[in-house]
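Subject: Structure handover

Hello,

Here is the structure we talked about. Please open it beside this email and follow along.

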Amino acid sequence: MMDKVYNPHEIEARWYKLWIEKGYFVADNTSENPHFSMVIPPPNVTGSLHMGHALNNTLQDIVTRFKRMAGFNTLWVPGMDHAGIATQNVVEREIAKEGLNRELLGREKFVERVWEWKEQSGGAIIEQLKRLGSSCDWSRERFTMDEGLSRAVREVFVRLYNEGLIYRDNYIINWCPRCKTALSDLEAEHEETGGFLYHIRYPLADGDGYLTVATTRPETMFGDTAVAVNPEDERYKKFIGKYVILPIAEKKIPVIGDDYVDTSFGTGVLKVTPAHDLNDFEIGKRHDLEVVKVMDDDGRMNEHAVHYDGMDRFECRDKTVEELKQKGLLEKLEPYALGVGKCYRCKTIVEPSLSLQWFLKMKPLAEPAIEAVRNHKVRIIPEMWEKVYFEWMENIRDWCISRQIWWGHRIPVWYCDACNKIYVSAEDLDTCEVCKGELRQESDVLDTWFSSGLWPFTTLGWPEHTKDLKAYYPTSLLVTGFDILFFWVARMIMMGLRFMGDVPFREVYIHALVRDAEGKKMSKSKGNVIDPLTMIDQYGTDAFRFSLTMMAAQGRDILLSEERIEGVRNFVNKIWNASRLTLSLLENVSDVPSEGMSTFLPDRWIRSRTQKVIRGVTESIDTYKFNEAATILYNFIWHEFCDWYLELIKPNLYGKVRDFDDTTTRRELYRTLLDILKLMHPVMPFITEEIYQKLPDNPCESIMISPFPVFDENEVDEESESEMDLIMGIVDVIRNIRGETGIAPNVKIEAILRANGHTPLLQEYEFYIKQLAKVEHLSFTTDRAPEKAAIGIYKDVEIFVPIKDLIDVPKELVRIEKELSKIDEELERLFNKLNNTSFREKAPSEVIEKNEINYKTFQEKREKLTASREILETLSGD
């Protein structure tokens, strides 16, 4: 027996534990079944489950469970990322509570503390993913710094170095003064910020006037080693070869000509600071300019900033501007919007700075990766992301792969300080082969994304030729968010092609963001964050998963609210209650799975509809249209199975219809519930397993390993669907007349049908029409319409409901007028909003669409009430 009330938490914990104990998630690399494999986008070891994780892993689990039930040998590899900067920051905060910092501890002790933290506190997200129902193969869980992956990272570095793709050089990089490390271009997040364009006069050395430069960063002027003009600029070309005096520093620097200078920007004169701007660095190389670095690694000015030595960079900016004003060298300043780069971790403004770093040449890796997507060896879904991928890949720059932190894969390079010999090795080294001196390992670690980029093949055992690698590479699918398309997806494609000779996955499904109900990005500062664990605690995992799935339309952000999840919980309860009813109807029936096709129309109809649902759900999951699969299931279960089929067969199974053989109906009921549970399982794994175990004679030990329903065209019955559609349509019309005219639900009414050739069918199922429409007397006519009756039409059947004596017509007309007045006010408000140009330009597309749907809903309500008013006005005139 099923409990009266569904209790998700006890059920979820029990079934997940059993699934793991039974080994249902474990893949068999010797299986001859077709293989399906995925690798999880590894969450940070510091992470906690947020909405992005919840959506991403729900969608992955849907596909995994679907493929497993469809007979595939399915592998979903889980794991975590060591998250270099993020994890180091967490542990530094922890040791600060003890009055320590990493420098006091030293590198070896600090790294030990990070490992201790990882074992004790890291990885909480793994347990949270289990609560979500993720059916990963936990026996194959990996960590980007485990022994096997660490070895693979070294192997890749050495090979790329030996192939001439990794090099060390001084270059302009993004420097975070807070984290004290280089960042890749992708890790420096740019946002538009209000600033100023400072117009500064640089006096000519010969005393004959000045040149005015325009800059947004006056504090870097102490590193200027030239000013540049465009040699085609008639205003300034005569100054090329002359000198100007660098203000405050009183240093003579040359005026040079370079085609890079944009004559339309600022004044057309460019200050050249090779150590603090990438474009200036390139100009400096072309003109062999001195390179002067004016800041240290924590963002403070150095001795080159003369009397501002030791001052914070932004304080120096203010002081420099003030001094320029006093000296009459600040011509003007004007407001200017500029894209400021910020560290993706700590949000500190990054500083473009010259630094000795390790780089990976990207062009040779990018070219085959571009072709792989262009030739659809990798399909990106939705396709719109391909254009974004190509734009980035075709303009790719070399990747700065070194980071000045201690937690991560230490770069496998050793230096001999005695003879300057450099060694690159996958194995640890300690002695120089040339001079026998002691070797010193590179202190930098690799960018976290370097090891993540190897994830699809290193997690399967590379560089060893393992059975897993042979069986499951290339993987079948990657499910991820668009925000890491370049950080991770593109790099995996490049690395997979380079080291495996094949793409890492055949398809990439890119899902959208989860936003709040108003379309705003969730953030703690806005107070609009919905915690997935809280939602799971309150409403159960299945309701939460189905809510996300139902809104996961391709290319469209999810607008989530707690009310939506609460609404889906009602659907979960509906499934539970419908299953309780079904099982009560199937009790003590030994021949449930009997053979023989039912002649009862609702049975033939539900079987045909079930087949179409099987086809629709299968196609939707196969094409990653998860919301369509969920919508199909929701409508079928709630409306067709519960509202119609169960209501139609209850009188038969309760013995209220004489001489009715219920054997085939019970069989059809059993089959339909079984199909529903299997179709729902990938999205709602827990409740479906619980109900499945209550079914009589269930054929498999677990629904997880039962076969997914397969579409059978032979069971599609268009004639039965058409006949049932007519019956349901007539019932709906009678119900609508009742609702529109205000007749109470408990009042029995009369209905008269002009059936126009459908009389035999409708007479055969007259009992069921009367039951569902709450009609006391149903008759058929070929005469003219009866007087004082509300009229409805469905297809070619006319429906008449005499209502004159059933309601207080004047009172109902007053109620309708009040309701129409409220609706008109709301329609006017929405109309004005939707026709507001500012709203259209600024609001997210999802919010606009939501308002358009509301407008349409109110219009439909208005039409129905207007129709009701017309009916009642006709009657009131009699």
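Below is what was found, taken region by region.

One caution before the details: this is a predicted model.

**A sheet and its helix**

Start with an open sheet of four strands. The order is β6-β5-β14-β16, and the pairing is antiparallel. The edges are β6 (181-183) and β16 (399-400). Each of these edge strands pairs on one side only.

Now look at the β16 edge. Strand β14 covers residues 351-360 and is joined to β16 by two bridges. These two strands run antiparallel. Find Phe 359: Cys 400 in β16 stands opposite.

A helix also packs here. Helix α8, residues 278-287, lies across β5 (166-176) and β14. Its direction makes an angle of about 140 degrees with β5.

**A hairpin**

Next, go to strands β10 (residues 243-246) and β11 (residues 251-257). They pair in the antiparallel sense over four bridges. Val 244 has Ile 253 in β11 as its bridge partner. Four residues sit between the two strands of this hairpin. Check the backbone at Ile 248 there: its phi is positive, near 70 degrees.

**The nonpolar cores**

In soluble globular proteins, nonpolar side chains tend to be buried together. Here the largest nonpolar core has 214 residues. Which of them touch the most other members? They are Phe 157, Leu 360, Tyr 389, Phe 450 and Leu 560. Helix α20, residues 626-653, gives the most to this core, with 14 residues. Another core lies apart from it and has 30 residues. Tyr 202, Val 244, Val 269 and Val 294 are among them. You met Val 244 already, as the partner of Ile 253 in the hairpin.

Leu 560 deserves a click. Leaving out residues up to four places away in sequence, its contacts include Met 51, Val 514, Met 522, Ile 530 and Ile 565. Arg 515 and Asp 516 are also among the residues it touches.

**The cysteines**

How many disulfides are there? The count comes to zero. Take Cys 316, which is in no disulfide. The nearest cysteine sulfur belongs to Cys 176 and is 19 Å away. A disulfide needs the two sulfurs within 2.5 Å. Cys 316 is buried, with a relative accessible area of 0%. Cys 400, from the sheet edge, is in no disulfide either. Its nearest cysteine sulfur is that of Cys 343, 13 Å away. Cys 400 counts as buried too, at 5% relative accessibility.

**Two buried residues to inspect**

Is Glu 187 buried or exposed? It counts as buried, because its relative accessibility is 1% and the cut-off for buried is under 20%. Glu 187 is found in the loop between β6 and β7 (188-203). Its side chain makes a polar contact with the side chain of Arg 403, at 2.6 Å. Beyond four places in sequence, Glu 187 also touches Lys 342, Cys 343, Tyr 344, Asp 447, Trp 449 and Phe 487.

The second residue is Thr 480, in strand β22 (residues 475-481). Thr 480 is buried, with a relative accessible area of 1%. Not counting residues up to four places away in sequence, it touches Pro 41, Asn 56, Trp 488, Val 489, Val 508, Tyr 509, Ile 510 and His 511.

Best wishes

Note on methods:
Residues numbered from 1 in each chain as written. Predicted model: local features only at pLDDT ≥ 70, side-chain atom pairs only at ≥ 80, totals over all residues. Heavy atoms only, no water. Pairing = 2+ DSSP bridges. Contact = heavy atoms within 4.5 Å. Axes fitted to C-alpha atoms, helices over the stretch in contact; angles between N-to-C directions. Core = buried A, V, L, I, M, F, W, Y, C linked by side-chain atoms within 4.5 Å. Buried < 20%, exposed > 50% of the residue type's maximum accessible area, 1.4 Å probe, protein only. Polar contact = N/O pair within 3.5 Å; in protein donor to acceptor, adjacent residues only side chain to side chain.
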